[in-house]
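The report below goes through the strands, helices and chain contacts of one structure in turn. Please read it alongside the sequence and the coordinates.

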Number of protein chains: 2
Amino acid sequence: MGLRVLKFGGTSVGDVEKIKNVSRRLIEAVDAGDEVVAVVSAMGKTTDELVGLTKGITTKPSPRELDMLLTTGEQVTTALLSMAIQEAGYDSVSLTGWQAGIKTETFHGNARILDIDSKRMNQHLAEGKIVIVAGFQGLTDTTDIATLGRGGSDTTAVAIAAALKADRCEIYTDVDGVYTTDPRYVNAARKLSTISYDEMLELANLGAGVLHPRAVEFAKNYNILLEVRSSFTNEPGTLIEEVASMEQNLVVRGLAFESNVTKITISGLPNEITTLPTLFSSLASNGINVDVIIQSTSEKNTTSISFSIETASLELTLDVLNRIKVKLPYNNIFHESDLAKVSIVGSGMISNPGVAAQMFEVLSEHGIEIKMVSTSEIKVSTIVPQDKMIYAIESLHDQFQLDERKPVEQV
Amino acid sequence: MGLRVLKFGGTSVGDVEKIKNVSRRLIEAVDAGDEVVAVVSAMGKTTDELVGLTKGITTKPSPRELDMLLTTGEQVTTALLSMAIQEAGYDSVSLTGWQAGIKTETFHGNARILDIDSKRMNQHLAEGKIVIVAGFQGLTDTTDIATLGRGGSDTTAVAIAAALKADRCEIYTDVDGVYTTDPRYVNAARKLSTISYDEMLELANLGAGVLHPRAVEFAKNYNILLEVRSSFTNEPGTLIEEVASMEQNLVVRGLAFESNVTKITISGLPNEITTLPTLFSSLASNGINVDVIIQSTSEKNTTSISFSIETASLELTLDVLNRIKVKLPYNNIFHESDLAKVSIVGSGMISNPGVAAQMFEVLSEHGIEIKMVSTSEIKVSTIVPQDKMIYAIESLHDQFQLDERKPVEQV
């Protein structure tokens, strides 16, 4: 008995029959005595179809107008789901992001949630209604509709769970939990029963694709018990909580990978204290996500910097670099595409310094060239050729024995 | 030079190419020095497709949820149109109904506009932007999204024209003006260059389908110069203004017709002062539109009442009548479907009492049975068998010489 926030992604509400399935799940929760808030995405490929419509008009839609367009997708799902619940004789109400009180930054396409005024949701819950909220959207203080970016419905769900002090936030998706690596590509992948926020964060950031990283951060900050589970079965999923029990001793808990990476190297930059901030704030203000960053050993007055980006941002990145040359002179730009990022993640690494070395050894033994390396306390990432990505993951999965429940220390 | 409100219906924005055409028309207006507000409907069959989605879920969607669903259609159009304008290098902003300050009654599916707070629209116009507003929708005082009912985008446009004190409100549609009757069915139909609000109101009410009647009422009340014209040509359309000049002497200016009419007759009702209000307020509160009403000569204590409804409301009407029998006893209900309404409209009728008789004579001569009659100062309506509808219109069009510019008095 408690307050549950359930989030359903695009494939979970992909057609009318699936929406009816979701309504049954919500009704079961109400019948079990729970108060229920559902957060939903746009149906299946709706968002892509809407983006497709813009292609005939412009190659660079204004982010504000794109948000106006895309947010209709979630609104459609909320209305249909509410109708399905009402058809079964239960009470419900659909709310857009702004009706649910979700306030965001004025940063169209990638806004963060600033605050949630939960008055209206609480009122509808008190009336005994199932509250259905459009994910991925909110209202700016200029009263414009903004989106949280792709995957933002996860964040909506967790933020609502925090605002309403919900007992649990359940993310329903087309996979049945968090795996040691992506089971679509690696047969040996195994489902984890628990994982810590930090490990999940690294896996999400590194492209595991199950949960939006902001959602995990939000859950960690507000200590929201998260569960990732399948919308198509009743199997338990993976619990994400402060300290993952049971399998905690595993040094490496999961492998993440991400394709379409491009490495940029800029040589001959002035070796000054302002170089890094000038470079990366220019990239950031143009919405370019920079991932791995390496500053090379510098000569006397100049330095070289390498960083990785999504290949889709290459043109824009070169454009920005070209424009900033007046204030930030450099010699040359090199770029290399068709790369991928392969990472190992696990809290156990903190006390186990040899893990990175073990990773490099495995890749080297399998003839996989490492282009860049980046490490944090609980992960090691490498940039490798894209055509070796899956091979690298399979080799590492095998080496760290992720298909077995044996802690790696015992090897 | 002035402030123009231009409204584009579903076929005018039916695909991306048509949306681009609309953007060019708006840009021409701006280039000519005008301030421009555009009101748009959902693209083509979007509304029907959205309604289609509900069919797999429920046969009786809650009107509130249906409004949440349907209003996304116009929002999509506003965003795409704004992108098309911006792509051409002009400034614009898309607004939902609530963002444009449109406040409505809490009567989902058929709400009336109560007020427009035009602050935001004025601000954007002052910034030099083309303002694009989603038609057909507004916000209730419970902060729910409500629609104005089908055709409500016309009303949105006229209401905005009134609120902004616009110089002109232009309704762009798939016909090039107001005709003596529907040119899709009657070859002899002729375009009128002007028509009065009252005549247009009767034509709109009677199903001419070019303009939503509420829009005409609104225009009449606020004395807005209206023009109906084609979105596909540059031909002048039909002007709707207080006194139609030129052709004013025509006794009959247009013919309207409407199919799918059902006649209901209730016999044995108590002959009391409360009978009519009880009966028709019950029907109204269930959203049933009653059209022609006839109270027959009564016997001592009982009376018979006949009225016409849309055939689609038959089931609901019988249901309501069944329920009110406890407070309003009656003997029998008869109903007859497959009927149509055929009407003649013209301001000149006020001073020409023989016109109704002339209409009945024509119908009779052509063997068309008249089931009901209703008259106002400027129209005469008859209910006739549906399979004789077009034949009746053709006969009347010919009789009143509407295909010629000769006033009928000269015949």
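## The six-stranded sheet of chain B

In this predicted model, chain B holds an open sheet of six strands, paired in the antiparallel sense and arranged in the order β14-β15-β13-β16-β18-β17. The edges of this sheet are formed by β14 (290–295) and β17 (372–375) of chain B, each of which pairs on one side only, and from one strand to the next the twist averages 30°.

Within the sheet, the pairing can be followed strand by strand. Four bridges join β14(B) to strand β15 (residues 302–310) of chain B in the antiparallel sense, and here Ile294(B) has Ser306(B) of β15(B) as its bridge partner. Eleven bridges, again antiparallel, connect β13(B) with β16(B), where Leu255(B) is matched with Ile344(B) of β16(B) as its bridge partner. On the other side, β16(B) pairs with strand β18 (residues 379–385) of chain B over seven antiparallel bridges, and Leu339(B) stands opposite Pro385(B) of β18(B). In a regular strand, the side chains alternate between the two faces of the sheet.

## Helices on the chain B sheet

Two of the helices in contact with this sheet can be placed by the strands that they touch. Helix α8 (residues 275–285) of chain B lies across β13 (254–270), β14 and β15 of chain B, and its direction is at about 25° to that of β15(B). Helix α9 (residues 314–323) of chain B also packs on the sheet, where it touches β13, β15 and β16 (332–345) of chain B and makes about 20° with the direction of β13(B).

## Chain A: overall dimensions and its sheet

Chain A contains eleven helices and 18 strands. Its radius of gyration is 23 Å, close to the 22 Å that the globule rule gives for 411 residues, so chain A is as compact as a globular protein of that length. Taken along the principal axes, the box filled by the C-alpha atoms of chain A is roughly 75 × 55 × 35 Å.

Chain A also has an open sheet of six strands with antiparallel pairing, in the order β14-β15-β13-β16-β18-β17. Its edge strands are β14 (290–295) and β17 (372–376) of chain A, which each pair on one side only, and the twist from one strand to the next averages 30°. Strand β16 (residues 332–345) of chain A pairs with strand β18 (residues 379–385) of chain A over seven bridges in the antiparallel sense, with Val384(A) of β18(A) as the bridge partner of Ala340(A).

Helices lie across this sheet too. Helix α8 (residues 275–285) of chain A crosses over β13 (254–270), β14 and β15 (302–310) of chain A, running at about 25° to β15(A), while helix α10 (residues 355–365) of chain A lies across β16, β17 and β18 of chain A and runs at about 20° to β18(A).

## How the two chains are related

Chain A can be laid on chain B with an RMSD of 0.1 Å by a turn of 180° combined with a shift of 0.0 Å along the axis, and that is the relation of a two-fold axis. Among the residues of chain A, Thr72(A) comes closest to this rotation axis, its C-alpha lying at 2.5 Å. Of the interface residues of chain A, 100% are also interface residues in chain B, so the copies meet through the same surface.

## Helix contacts between the chains

The axes of helix α2 (residues 46–55) of chain A and helix α3 (residues 63–87) of chain B come within 10 Å and cross at roughly 35°, and the crossing of α2(A) with α3(B) is right-handed. From α2(A), the residues that make the contact are Leu50(A), Leu53(A) and Thr54(A), and from α3(B) they are Val76(B), Leu80(B) and Met83(B). Sorted by class, this contact of α2(A) with α3(B) has five nonpolar residues, one polar residue and no charged residues.

For helix α3 (residues 63–87) of chain A and helix α2 (residues 46–55) of chain B, the axes likewise come within 10 Å and cross at roughly 35°, with α3(A) passing α2(B) in a right-handed crossing. Here the contact is made by Val76(A), Leu80(A) and Met83(A) of α3(A) together with Leu50(B), Leu53(B) and Thr54(B) of α2(B), and by class the contact of α3(A) with α2(B) has five nonpolar, one polar and no charged residues.

Conventions. Residues numbered from 1 in each chain as written. Chains lettered and ligands numbered in written order. Predicted model: local features only at pLDDT ≥ 70, side-chain atom pairs only at ≥ 80, totals over all residues. Heavy atoms only, no water. Axes fitted to C-alpha atoms, helices over the stretch in contact; angles between N-to-C directions. Left-handed = near helix turned anticlockwise from the far one by under 90°. Contact = heavy atoms within 4.5 Å. Nonpolar A, V, L, I, M, F, W, Y, C, P; charged D, E, K, R; others polar. Least-squares fit on C-alpha atoms with pLDDT ≥ 70 in both. Pairing = 2+ DSSP bridges. Rg over C-alpha atoms; globule rule 2.2 N^0.38 Å.
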